Amino acid sequence: MGIEIERKFLVQGDSWRSKATATPYRQGYILATKERVVRVRIAGDQAYITIKGESVGIGRAEYEYPIPVTDATELLDTLCDRPQIEKVRHCLASGDLVWEIDEFHGENQGLIMAEVELPNADYPLQLPDWIREEVTQDPRYYNAYLSKHPYQTWGISS
């Protein structure tokens, strides 16, 4: 079983942009509950179906499998809930970790969030200066939640 251990943060400023590589993402959810998520994602020219379990602390079970882009497009167009998540993921290597900075578009425009996957829950993490507050434990910042309750409807500004 794969275990995803990650922390999420809000982002401030633009100092990270020049060092990061960017990939467009489109993703949708066939199922999104507290206990389990089934996600379809197109990332650049690759596609995946992912099954995730319920979060326990900063970890949760995760199974991800590549699928043909044509299948992912069909699933997104026919079976996934609306609205879907549109974003550009900027990847930035820092030591032995890779920060993924998601710049959301569409109905989540204005939200920029960074996440980093850790080798274990106790991993000592040094935060870059462009990190704002941690939102790991706030379920509003899960992409599955954002697909049902878009950021632009929250009535807050970033």
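Visitor: Which strand gives the largest share of the lining of the largest cavity?
Guide: That would be β1, with three residues. Keep in mind as we go that this is a predicted model.

Visitor: Okay, and which residues line the largest cavity?
Guide: The lining is made up of E4, E6, K8, S55, G57, I58, G59, R60, T136 and Y142. Besides β1, the strand β5 also supplies at least two residues of that lining.

Visitor: What's the mix by class in the lining of the largest cavity?
Guide: Two residues are nonpolar, four are polar and four are charged.

Visitor: How many cavities of 30 Å³ or more does the structure hold?
Guide: Just one. The volume of the largest cavity is about 100 Å³.

Visitor: Let's switch to pockets. What volume does the largest pocket have?
Guide: About 600 Å³. It is lined by 33 residues, and those closest to the centre are K52, R60, Y142, N143 and A144. R60 and Y142 also turn up in the lining of the largest cavity.

Visitor: Which elements supply at least two residues each to the pocket lining?
Guide: On the strand side there are β1, β2 (21–32), β3 (36–43), β4 (46–53), β5 (59–67) and β8, and the helix α2 (143–148) joins them. The biggest contribution comes from β3, which gives five residues.

Visitor: And how many of the pocket-lining residues are charged?
Guide: The charged ones number 17, alongside ten nonpolar and six polar residues.

Visitor: New topic: which residues touch the most other members in the largest nonpolar core?
Guide: Those are W99, I101 and W130, in a core of 16 residues. Three strands, β1 (3–11), β7 (97–104) and β8 (112–117), each supply at least two residues of this core.

Visitor: What does W130 touch, sequence neighbours up to four places away aside?
Guide: Its partners are L10, V11, Q12, S15, W16, L92, W99, I101 and A114. Apart from that core lies another one of 14 residues, including A32, V37, F104 and V135.

Visitor: How many aromatic pairs does a search of the whole structure find?
Guide: Five. One of them joins Y141 and W154, with ring centres 5.2 Å apart.

Visitor: Why does the pair of Y141 and W154 count as edge-to-face?
Guide: The planes of the two rings stand at 80°, so the pair is edge-to-face, because the cut-off for that label is an angle over 60 degrees.

Visitor: Where do Y141 and W154 sit along the chain?
Guide: Y141 is in the loop between β9 (131–134) and α2, while W154 is in the segment after α2. They are 13 residues apart, and the pair links distant parts of the chain.

Visitor: Are Y141 and W154 buried or exposed?
Guide: Both are buried. W154 also forms an edge-to-face pair with Y151, at 5.0 Å centre to centre and 65° between the planes. Y151 is buried too.

Visitor: Which residues do the ring pairs link into a cluster?
Guide: The cluster holds Y141, Y145, Y151 and W154.

Visitor: One last tyrosine: where does Y123 lie?
Guide: You'll find Y123 in the loop between β8 and β9. Setting aside neighbours within four places in sequence, Y123 is in contact with D96, L97 and L118.

Visitor: And how far apart in space are Y123 and V56?
Guide: They are 16 Å apart, C-alpha to C-alpha, with their positions 67 residues apart in sequence numbering.

Note on methods: Residues numbered from 1 in each chain as written. Predicted model: local features only at pLDDT ≥ 70, side-chain atom pairs only at ≥ 80, totals over all residues. Heavy atoms only, no water. Core = buried A, V, L, I, M, F, W, Y, C linked by side-chain atoms within 4.5 Å. Buried < 20%, exposed > 50% of the residue type's maximum accessible area, 1.4 Å probe, protein only. Helix = DSSP H or I, 4+ residues; strand = E, 2+ residues; numbered from the N terminus. Contact = heavy atoms within 4.5 Å. 1 Å grid on protein atoms, 1.4 Å probe; cavity = no way out; pocket = protein on both sides within 12 Å on 5 of 7 lines; lining within 4 Å. Points joined across faces, edges and corners; volume = space filled by probe spheres on them. Nonpolar A, V, L, I, M, F, W, Y, C, P; charged D, E, K, R; others polar. Phe/Tyr/Trp six-rings, centres within 6.5 Å; stacked < 30°, edge-to-face > 60°.
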